[in-house]
Each structure stands twice: as structure tokens, then as C-alpha cells.
Amino acid sequence: MTLLITGGTVIGPSGAVPADVLVDGETIAAIFAPGAGPAGVETLDATGKYVIPGGIDAHTHMELPFGGTAASDTFDTGTRAAAHGGTTTIIDFAVQRTGEVVQDGLAAWHTKAGGNCHIDYAFHMILGGVDDDSLKAMDQLVADEGVTSFKLFMAYPGVFYSDDGQILRAMQKARDNGAMIMMHAENGIAIDVLIQQALSRGETDPIHHGITRPEALEAEATHRAIALAEVAQDCPLYIVHLSASRALEEVAAARDAGRNVFAETCPQYLYLTLEDQLGAPGFEGAKWVCSTPLRSKHENHHRDLWKGLRSNDLAVVSTDHCPFCFKDQKELGLGDFSKIPNGIGGVEHRVDLVYQGVVDGKLSLERWVETIATTPARMFGLYPRKGVIAPGSDADIVLYDPNGRTRIGVETHHMNMDYSAYEGTRSPARWTPCCPAARSSCPAARTTAPRGAVSTCPVACRATWCDGDAYRKALHRWSLRRRQRGPAAAGLRPGHGR
Ligand code: URP
Ligand code: ZN
Ligand code: ZN
Ligand code: ZN
């Protein structure tokens with residue numbers, strides 16, 4: 001099938017460019033000046049729309065077993081929801097549990113995902129135990145399976161936790177075989193002490209999940225991870241789900257020193273707070289129990305994280321999509337916050353939520369596309385097949401309507417969750433409420449059904465422009481020092497595209 005997408009504005013590394021895009025089968029065949037494409041082919045009118053590469057969510061946990069239950073989205077439901085939100089590739093986490101063979105864990109996750117994904121998918125590997133066998137397995141996964149990123153945990157003692165010696169050994173191995181170490185950076189040993197002390201004082205409500213995971217223990221672990229990566233001769237390090245200003249300072253200092261250190265944040269850390277969500281009355285706050293936790297609105301985390309996205313100290317926005325239903329799943333922690341399964345669902349809303357930053361003048365259009373698609377593609381070896389609108393790239397194209405309306409809520413979302421983490425979230429966000437007409441016109445695949453996040457914003461351009469100047473300055477500074485690497489593969493597998 002040949003298709004000419006006409007009249008749209010392509011957003012790419014060099015800015016916003018009016019262009020027509022010719023698609024041949026599953027590949028982008030050519031880009032033309034407006035009106036200069038071939039005649040006689042089927043056309044799709046994208047007038048008024050942004051033409052962007054399909055989103056890549058580099059951090060999801062479909063079906064993850066956790067806290068005595070499992071994440072409620074399967075690869076089927078989760079990837080369908082992702083497609084509705086303009087995400088066309090996920091990189092999920094296969095899990096080696098402590099004591100298990102690494103390759104068995106990867107095979108188990110391939111069994112879960114195989115044939116069930118609507119969009120393309122790949123895996124990082126969680127190492128639940130670093131020993132001689134798993135270190136050998138790292139080499140094999142890099143060489144034969146296309147897995148080039150391994151997640152370790154400084155948190156969750158007794159579950160996924162690795163001590164500093166294990167982390168150092170894995171980093172040395174990654175340094176040698178070209179892999180990337182992804183780090184859940186929280187001091188889990190100290191956190192467990194705080195949790196026991198809180199529970200013994202009778203502090204059992206969900207907000208204590210956040211209070212017992214203070215910023216200092218995220219910053220400390222981030223610092224330690226960076227130091228260990230330095231000792232491992234600058235092994236590439238990617239800090240996942242960074243939530244706090246002081247952790248970001250650690251990353252920024254490392255990047256300023258030219259280190260091979262990267263970080264992602266997630267929409268929940270850009271919009272939600274310890275007090276307003278985790279501190280909701282009664283047990284309601286359980287909906288927002290995730291680790292790292294939501295941070296205090298009385299500090300400047302949101303402001304600092306948006307700034308980090310502008311300056312590329314934060315390179316990627318992923319979701320850490322790990323949904324649990326409130327009923328029966330989050331409720332496992334009634335009377336004891338430490339038993340609430342950790343995780344928030346959001347795979348469907350990442351593209352919209354980051355676009356809200358463009359509307360609010362916090363991010364340029366280019367940075368929006370970079371953080372949701374281009375940089376994750378580069379980081380995990382998918383570029384230029386993914387992450388860019390260019391001849392030869394996969395035709396994972398999103399037509400995004402900046403004047404569209406979206407209502408984020410449990411009634412309209414496609415994720416297998418009985419609540420929405422973003423339900424009723426208001427000011428300053430403009431993505432709620434939507435007009436019912438926009439809702440009812442939502443067809444089954446957003447890649448051909450654009451849905452913008454916002455109402456028309458007459459000041460968006462000006463704000464973006466102002467923002468862009470600061471961004472360009474910062475990017476220039478960082479790009480001189482950055483040694484971003486993209487190993488040749490991420491074990492990518494095709495979704496069935498339905
Ligand atoms: O709360 C979270 N983040 N749950 C998923 C597991 C992880 O730590 O990424
Ligand atoms: Zn984590
Ligand atoms: Zn995660
Ligand atoms: Zn729909």
C-alpha cells in the first residue's frame with residue numbers, strides 16, 4: 001500500500017517543517033515539499049496536524065508479578081491502550097527473579113508477549129541476582145538476543161535488590177560488552193528501616209509510602225550509582241523514573257563532567273504530588289503508590305524536572321506503566337501501606353501529558369518529540385528505524401491534532417485499570433474536560449486518528465519560542481559533552497498492528 005500524508009507539519013530534530021510524507025507498506029519512502037509528492041496515490045489529509053514519529057515508551061511492566069499480584073495490563077490490553085495514545089513501540093522489562101536462570105526469564109516474557117502485542121516491542125532485562133551465571137548470561141543476551149540494557153535495583157531488598165558489589169560487577173560486565181545499566185536508584189535498606197519504624201508508630205496510610213522514601217535516599221542512591229559506574233570505567237548508566245530535584249542535581253553534575261550518565265522521568269513526577277494524590281483521604285492515596293514516590297508540592301520538583309527535560313539532563317519521558325486495579329489489588333495494602341503493590345498506569349497518556357508541557361510553554365515542540373520518541377530510539381538502538389520521520393524509517397507515524405480535546409479518565413481510557421491516575425487532575429492542565437463529541441469519535445487506532453491533548457493555545461508558539469532559546473543554549477552545552485550510544489539492536493519484535 002502506498003499512501004501520501006499531505007498538508008501536515010513534520011516535527012523532527014531540525015524543527016517543524018511543512019512536508020508531505022510518502023509511505024510504502026510499512027516504511028517511509030520519501031519526504032516532499034508540500035504539494036510535490038506523486039499524483040495518483042491514496043492520500044491522507046493531515047492539514048493542521050503534527051506528523052511525528054510514533055511514541056516509544058522505554059519503561060513498561062505489562063503483567064509484572066509484584067507484591068503478591070500482577071500488573072493488570074496484559075501485553076494485549078496494554079499495547080492496545082498504548083496505540084490509542086500515540087505510542088507505537090514499548091520496551092518492557094523481562095524479569096530474572098532471584099535464583100532463576102536469566103535466559104528462562106527472558107523466554108517467559110517472550111511467551112507472554114508473543115503474538116499478543118498490537119505494536120512493536122522489545123525487552124530490557126531485569127537482573128534479580130548478580131552472580132557468575134547471570135554475568136555470563138549478560139554476554140549471551142547482548143550477543144544473541146539483542147538485549148542491550150539491564151535493570152538493577154538498589155531498592156526492594158529481598159525481591160529485586162542488588163548490593164553495591166553486585167552492581168559493580170554487572171557494570172563492569174556492561175562496560176565490556178557494550179550494554180547499558182538501568183538503575184532503580186533508591187536506598188532500599190534505609191527505606192526498609194523507615195517503613196518498619198512508621199508501621200510500628202501506627203502510620204499505615206498510603207501517604208507514608210512517600211514519607212518513608214525521602215528525596216535524600218533517592219539522591220544518595222543516584223550519587224552512588226554514578227560513582228559505581230565511574231569505578232566501572234564509565235559504564236553507561238541510565239537512571240530510571242527519576243522523581244526528585246536532588247537526584248536530578250546528581251545526574252546534571254555527572255553530565256556536566258562529561259560522564260556517560262542519562263536519566264528518564266515519568267509524567268506522574270511532572271504533574272502529581274505527595275500531598276494531593278498520595279495524601280488523598282482514607283485509602284484513596286493507594287492509587288498513586290509507586291516507587292520512586294510522588295514528591296512534595298511544597299518543593300520545586302515539577303519545575304526542576306521540566307527544566308531538566310529542556311536541558312537534556314533528563315533525556316527521556318517514559319511511563320513506568322505498572323497498573324494495578326484499586327479493587328482487590330491496591331486493596332492488598334489496606335491497613336499497611338507497605339503491602340500496596342507499587343505502580344501507576346499511564347502508557348496511554350504519555351504523549352498527551354508531555355505535549356501539555358508544550359502548551360504551557362515549558363518545552364519546545366522538538367523536545368516533545370525527542371523525549372517521547374527520538375531519544376529513546378537512540379538510547380536503545382532503535383534509531384533511525386524508529387524515532388524519526390525520514391526515508392527508510394518504519395512508518396510508525398502519529399498524526400497529532402494540537403487543537404484536539406482529550407478527556408483523561410477511567411470511562412474513556414483503554415488500559416485495564418478501574419481508575420485513572422490522572423482523573424480530575426486540573427489546573428494548569430487543559431486536557432480536561434473534553435467535549436463528548438471528541439470522545440465518541442475516538443476510533444480504535446490513534447495512529448490514524450489524531451487526538452490532541454489540549455484546547456487551542458494562542459500563546460503556545462511564543463512561549464515555545466522563548467523556551468526554545470534557553471533549550472538551544474543548554475543543548476549546545478550538553479551536546480559537546482554527550483557520548484550517547486545506541487547499540488545495534490534492542491531485540492525488537494513486530495506487533496501485529498491490529
Ligand atoms: O512503582 C513502580 N515503579 N513499580 C514498578 C517497578 C519499578 O520499580 O519500576
Ligand atoms: Zn523501578
Ligand atoms: Zn519500572
Ligand atoms: Zn478508542
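**Ligand 1, a zinc site and some unusual backbone**

A backbone N or O atom of S291 sits 2.7 Å from a nitrogen atom of ligand 1, a polar contact in the sense of a pair of N or O atoms within 3.5 Å. This is a predicted model, in which local features need pLDDT of at least 70, side-chain atom pairs count only at pLDDT 80 or more, and totals for chains, interfaces and linings use all residues. Residues are numbered from 1 along each chain as its sequence is written, chains are lettered from A and ligands numbered from 1 in the order in which they are written, and side-chain values use heavy atoms, with hydrogens and water left out.

D320 joins in through its side chain, with a polar atom 2.6 Å from a nitrogen atom of ligand 1. N342 uses its backbone instead: a polar atom there is 3.0 Å from a ligand nitrogen. The protein covers 99% of the 260 Å² of accessible area that ligand 1 has on its own (Shrake-Rupley method, 1.4 Å probe). The space that ligand 1 takes up is the largest cavity, a cavity being a set of points, on a 1 Å grid over the protein atoms alone, where a 1.4 Å probe fits but cannot get out; a molecule sits in one if more than half of its atoms lie within 2 Å of its grid points.

Around ligand 1 there are 13 residues, of which K151, Y156, S291, D320 and N342 come nearest (a residue counts as near if one of its heavy atoms lies within 4 Å). Sorted by class, this shell holds 4 nonpolar, 7 polar and 2 charged residues; Gly is put with the polar ones, and Tyr with the nonpolar.

K151 turns up again at the zinc ion (ligand 2), which K151 (NZ), H184 (ND1) and H241 (NE2) coordinate at 2.1 to 2.4 Å. Donors here are N, O and S atoms within 2.8 Å of the metal (3.2 Å for Na, K and Ca), and sites may look incomplete, as water is not among the atoms. K151 lies in strand β13 (residues 149–153) and H241 in the loop between β15 (237–239) and α8 (245–256), so the pair ties together parts that are 90 residues apart in sequence. Helices (H or I, at least four residues) and strands (E, at least two) are DSSP runs, numbered from the N terminus.

The backbone has its quirks too. S291 is joined to T292 by a cis peptide bond, with omega about 0°. D320 has a positive phi of about 55° without being a glycine.

Key:
A polar contact is a pair of N or O atoms within 3.5 Å; within protein, one must be able to donate a hydrogen and the other to accept it, and residues adjacent in sequence count only if both atoms are side-chain atoms. On a 1 Å grid over the protein atoms alone, a cavity is a set of points where a 1.4 Å probe fits but cannot get out, and a pocket is an open set with protein on both sides within 12 Å along at least five of seven lines; lining residues have an atom within 4 Å of a point.
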